[in-house]
Each structure stands twice: as structure tokens, then as C-alpha cells.
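Take a look at the model below. Two topics come up in turn: a sheet and a ligand site.

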Amino acid sequence: MIFSLDEEIHRLSLDDNKNDIKVDYPIAIYDDIVHDQYGSAITYGGNIDHLSVHPNAIPLNGTGPTHTMRRRSSAYSKFPILTPPNTRRFSITGIDATPNGLNRLSTTPQNMNSSNISENGLSRNLCDFKPVRVLGQGAYGKVILVKDTNTSKLYAMKQLQKAEILISPTVADSKKEEEENNSSDDNDTDNGLSKRLERTFAERSILSEIEHPNIVKLFYSFHDNSKLYLLLQYIPGGELFYHLKEHGTLDETTVSFYAAEISCALKFLHSKGVVYRDLKPENCLLNQRGHLVLTDFGLSKKSAHDSMADEEDPENVKALYSIIGTPEYCAPEILLGKAYTQNCDWYSLGCLLYDMLVGKPPYTGNNHKVIINKIQQNKQGPKIPFYLSEGMKDILNALLKKETSKRWNVDKYWAKIGGNNKTIKSKKKKSGNVRTSFFTEHFIFRKIDWKFLQSGQMQKTTLGPIVPVITDLELAENFDAEFTSMSYEENYADSRPININSVSKSPDMFKGFSYKASGSYLEKYF
Ligand SMILES: Nc1ncnc2c1ncn2[C@@H]1O[C@H](COP(=O)(O)OP(=O)(O)OP(=O)(O)O)[C@@H](O)[C@H]1O
């Protein structure tokens with residue numbers, strides 16, 4: 001029971017001042033930056049040289065220790081997409097590969113909401129944006145910082161190569177990956193294509209439907225002959241990966257702060273029926289004020305149910321089967337090809353917290369087989385270093401449980417809310433060893449004002465523990481030179497149309513991808 005553990009921790013007089021660097025998240029003083037509702041959008045004309053920097057802000061331009069050993073988990077080597085045996089094929093019109101054949105909310109063009117716009121008329125196109133520099137590289141293309149030629153506003157443009165999506169992974173991927181993937185959908189090209197298309201539309205669809213201060217915003221999407229484009233809010237503070245590379249590990253107060261912000265985003269996604277599935281330091285960006293923003297919804301999945309919090313209620317369980325994600329941060333049930341639910345994201349949170357505290361995720365290896373072997377060999381769970389506080393050890397243990405039935409069901413035990421307590425208490429007796437204390441009340445969150453955080457006010461009015469040093473937004477100073485020095489010219493032109501008919505019978509498979517956020521939404525964030 002976490003309550004008794006927390007009492008124990010209090011009894012032992014765990015001394016915050018000794019264990020943590022004190023962070024008090026003061027109010028930001030920005031005289032020349034126009035604030036949006038949540039503090040994550042930016043006015044680009046202003047001079048930010050005199051930005052008030054938090055006392056704990058860490059210079060990020062080479063003055064700190066560098067840890068060059070950290071490697072990217074999946075930018076170039078994509079985790080093989082396997083389909084477990086006995087999984088029913090599904091069409092891209094929205095039936096998921098689940099044994100019970102439950103209909104899922106389709107994220108394919110046919111079912112997209114009214115924000116769909118005409119493919120020809122109202123949407124933006126490539127000529128409306130001038131490339132500034134490369135920010136990152138993903139499996140299907142680059143992410144480029146671009147400037148709107150009409151308004152001079154900056155966006156992160158995520159490009160997805162249609163050919164990469166359409167061509168079967170057995171053709172496009174490396175030999176090594178094929179070998180790793182020998183039990184996969186080699187003879188299952190249509191299913192693989194359907195899944196890649198579904199995921200492409202899911203990212204556009206999910207981002208266009210959700211709004212949260214810790215989740216990146218989508219403003220436009222469109223496509224041309226060769227590529228799909230997502231015009232995202234530019235998050236200039238760089239990846240958490242970058243900051244971890246600079247500093248190696250982070251202090252526990254900083255980790256608790258990021259844990260709270262990520263949890264807030266995950267809880268929100270789960271309440272909307274979305275499983276994120278790719279939590280890792282590369283996908284956590286810092287905004288100008290040092291608040292964490294989740295990006296990359298390319299592996300996220302939306303279910304038909306809006307709430308999937310109760311795993312004990314079979315009617316309300318949304319099981320997924322695709323083996324997908326980044327192995328080091330992936331829940332064991334996914335790696336083993338078992339059915340899984342949104343609870344997999346809480347395991348990934350455990351991996352991310354471990355990484356921030358220890359300097360690497362709990363299990364490392366080049367592919368999912370190595371990692372799953374390590375998970376299975378360690379019957380007691382990952383080795384948690386002795387030097388971590390009791391509170392950190394406790395939350396890591398609760399999230400990194402191999403068996404889902406023993407893992408903390410954070411969605412269910414999120415916070416004490418009025419009437420729900422009765423139901424939860426009555427189930428508590430049956431739940432045996434299962435942790436039934438509330439996540440938001442955990443000792444590591446003792447400094448977090450959850451109401452303030454969940455309302456978006458904290459993100460709007462305070463600075464995070466690491467405030468990125470930004471002298472010029474266009475310089476993308478907090479992004480790896482490996483990317484910012486890349487050429488974008490060859491990527492920034494609509495190349496010859498690909499012959500869609502050579503890979504698919506349906507030439508219209510990207511129809512409906514274009515989207516434009518409403519005028520009020522755009523105004524709110526610019
Ligand atoms: N909104 C944004 N603002 C600033 N940088 C961004 C933004 N979105 C993405 N990036 C940068 O681009 C990188 C790649 O983006 P993203 O993860 O969405 O691509 P991906 O193709 O899905 O990558 P992967 O194959 O690794 O999952 C990110 O890690 C980040 O560094």
C-alpha cells in the first residue's frame with residue numbers, strides 16, 4: 001500500500017533539501033512574448049534575449065557535461081511491425097485485428113470528422129512555407145522548421161514519404177530487420193499496408209481532435225504527389241533526449257515534474273480512448289518555458305470507447321495486438337505479442353523515469369528479442385539503483401511490473417474524486433496485491449499542484465526546471481546538429497508522382513488527409 005509506504009517515508013524524515021535540488025517554478029516574466037492560453041504558442045517577431053531565466057535553468061549550449069554514449073532508440077532502425085499468429089486481417093475501413101471483432105473507431109478518411117476539407121481548395125500547400133532547417137528525422141521522412149511565407153509564423157513540418165508508407169517493409173527495410181522479423185507478416189503485405197495507412201491517418205486524426213497543453217498542436221495537413229505534410233506547432237526547446245544527452249541524468253525533483261506533465265497528457269489521451277504507444281525521450285519536447293510537450297502520434301491508436309480505464313470490466317477493455325513501439329520503452333505484453341491495453345503506456349512511463357534517473361532505460365538491447373529475454377530473466381524486475389530515494393524506487397517498482405495484473409492501473413487509481421471512491425473501495429478488497437492508492441497522491445508528486453497542472457495554468461504561468469536557452473527561434477539551438485546541419489533542399493520539393501497503382505489497387509488511399517484548424521484555434525495559439 002502506497003499510503004503506508006508514504007507514511008514510512010515521512011517517518012524516516014526523507015529530507016527534500018538533501019535529496020533534491022530545490023525547484024519552485026516561479027512565475028515567468030516575459031515582456032515581449034505574446035502569451036497563448038497554455039503558454040506553449042509563441043509570437044515569433046519578438047526579441048527574447050532578455051527572457052527571464054529560471055535560477056535552475058541549465059545552459060544547454062555545450063557548457064554542461066556531455067554524454068555522447070546515449071543513442072537514439074528508433075530514428076533509423078524501426079522496430080519491426082509484427083502481426084501475431086491467429087490475428088484476423090482487417091480492412092482499412094476500421095475493423096481492428098482483434099479476436100472478438102469489435103468495431104473500432106475508424107481513423108481512415110471515410111470516417112473523419114467535419115474538419116475535413118476539400119483536397120484542392122481550402123488547404124495550404126508546400127509553396128506557402130519556406131524551409132528554415134531540419135529539426136529531426138523519422139522513419140518516413142524529415143521534420144523541417146518552416147516559415148509561413150504570408151505571416152512569417154514558424155511551424156514544424158513533418159513530412160511522410162508516400163512511397164515509404166506504401167511499399168512493403170520487406171522491400172524497404174534492411175536485411176537485418178528482415179532477419180529479426182522472420183516470423184512476421186512477410187506474406188501479409190496488404191495487412192502491413194493497411195496498418196501503415198491506418199497509422200498515418202491516425203496521427204492526423206488524433207491530433208486534429210485533441211487539445212491539451214502538454215500535447216503538440218496540429219494546424220494544417222495536406223499532401224501532394226509524393227508526400228504527406230503535417231504542420232505542427234513548433235516546440236523550440238528540443239527533445240528531452242537532447243537534454244538527457246547533455247546532462248546524463250536529472251535530479252529527482254526535475255524527474256517528478258516531467259513525470260507529472262507526461263502523466264497528465266497520458267491520462268487525458270486515455271480518457272479520450274487513445275493509447276500513445278511510443279513514449280520515449282525523443283518524443284518529449286520542451287517548449288520555450290521548459291514544459292514538456294508530447295509529439296509523434298504516428299503509433300497512437302484510438303478505440304471506439306472514450307474511456308478504457310477499468311481493466312476489470314471486460315466490456316470496457318480495449319485490447320490491442322500490434323507489436324509496435326520502441327523496444328527499450330515497450331511493455332513486455334507488447335513485446336510478447338499478447339493483448340494489451342492503455343496500461344502499456346504506464347510501463348513506458350516507468351522506463352522513461354528510470355532513464356531520466358539512471359541514464360539508460362531498464363533493459364537495453366538492439367532488438368525486441370534481446371530485451372524480452374532480459375525482462376524474462378529478471379524475475380524480480382529491473383535492478384533499481386540503491387541511491388534513488390524510497391519514493392522513486394517505489395513508483396518505478398509499481399510501474400515496471402512485468403505482469404499487467406500487478407502493474408499500477410494508473411487510469412483507474414488516478415485521483416480521489418467524490419463519488420468514485422465508493423466503487424473503487426468495494427473492489428479494493430478483491431484486488432489482493434494490486435496497488436489501489438492514488439497516483440496523484442504519490443510521495444514523489446508532493447510538490448505538484450495537480451489542479452493547477454490539469455487546468456493548463458501551470459504551463460501558462462510558470463517555468464519548468466530546465467528552461468531551454470533560445471536566442472533565435474530560427475536557429476533551433478536545442479536540436480542536434482546532426483539534424484540541423486542536414487540539407488533540406490532535396491526534401492523540399494514535390495518529386496515525380498509515385499505510381500500508386502504499382503503498390504495498391506486503390507489510387508485514392510490518401511484522400512481526406514488534408515485538414516485546416518479552425519480560425520479561432522489558430523488565433524488562440526498565434
Ligand atoms: N512539433 C515539433 N517541434 C519541434 N520539433 C519536432 C516537432 N515534431 C517533431 N520534431 C522533431 O522531429 C523528430 C522526429 O519527429 P517524429 O518523432 O514525429 O517523427 P517519426 O517519423 O514519427 O519518428 P520515429 O520514426 O523516430 O518515431 C522529433 O524527435 C523531434 O526532434
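The sheet comes before the ligand in what follows.

This is a predicted model. Begin with the open sheet. Six strands build it, in the order β1-β2-β3-β5-β4-β10. Their pairing is antiparallel. β1 and β10 (515-516) stand at the edges. Each has a single partner strand, so one side of each is left without a neighbour in the sheet. Strands of a sheet pair through backbone hydrogen bonds, either parallel or antiparallel.

Now follow the chain through β1, β2 and β3. β1 covers residues 129-137. β1 and β2 form a hairpin, with 4 residues between the two strands. They run antiparallel and are joined by 7 bridges. One pair can be picked out here: K130 has K147 in β2 as its bridge partner.

β2 spans residues 142-148. On its other pairing, β2 meets β3 in the antiparallel sense over 5 bridges. L145 has A156 of β3 as its bridge partner. K147 stands opposite L154 in β3. K147 thus appears in both pairings, as the partner of K130 and opposite L154. The hairpin of β2 and β3 has 5 residues between its strands. Within that hairpin, S152 takes a positive phi near 65°.

How many of the 7 residues of β2 are buried? The count is 5, where buried means under 20% relative accessible area, so β2 is largely enclosed by the rest of the structure.

Turn to the ligand. It is surrounded by 24 residues. The closest are G138, K158, Q233, E239 and D296. By type, the shell divides into 11 nonpolar, 6 polar and 7 charged residues.

Where does this shell come from? The sheet contributes: β1, β3 (154-161) and β5 (227-233) each supply at least two residues. Two domains also take part. Domain 1 (126-171 + 190-234 + 484-516) provides at least three shell residues. Domain 2 (239-415 + 430-469) likewise provides at least three.

Some individual contacts can be traced. A polar side-chain atom of D296 lies 2.8 Å from an oxygen atom of the ligand. For T295, a polar side-chain atom lies 3.2 Å from a ligand nitrogen atom. E282 uses its backbone instead: one of its N or O atoms lies 3.0 Å from an oxygen atom of the ligand. Taken alone, the ligand exposes 620 Å². The protein buries 96% of that area.

Definitions and conventions. Residues are numbered from 1 along each chain as its sequence is written. This is a predicted model: local features need pLDDT of at least 70, side-chain atom pairs count only at pLDDT 80 or more; totals for chains, interfaces and linings use all residues. Side-chain values use heavy atoms; hydrogens and water are left out. A residue is near a molecule or strand if one of its heavy atoms lies within 4 Å of it. A polar contact is a pair of N or O atoms within 3.5 Å; within protein, one must be able to donate a hydrogen and the other to accept it, and residues adjacent in sequence count only if both atoms are side-chain atoms. Accessible areas come from the Shrake-Rupley method with a 1.4 Å probe; for residues, only the protein chains shown count as cover. Ala, Val, Leu, Ile, Met, Phe, Trp, Tyr, Cys and Pro count as nonpolar, Asp, Glu, Lys and Arg as charged, and the others, Gly among them, as polar. Domain bounds come from an automatic or database domain assignment. Two strands pair if DSSP finds at least two bridges between them. Buried means under 20% relative accessible area, exposed over 50%, partly exposed in between (1.4 Å probe, protein chains only).
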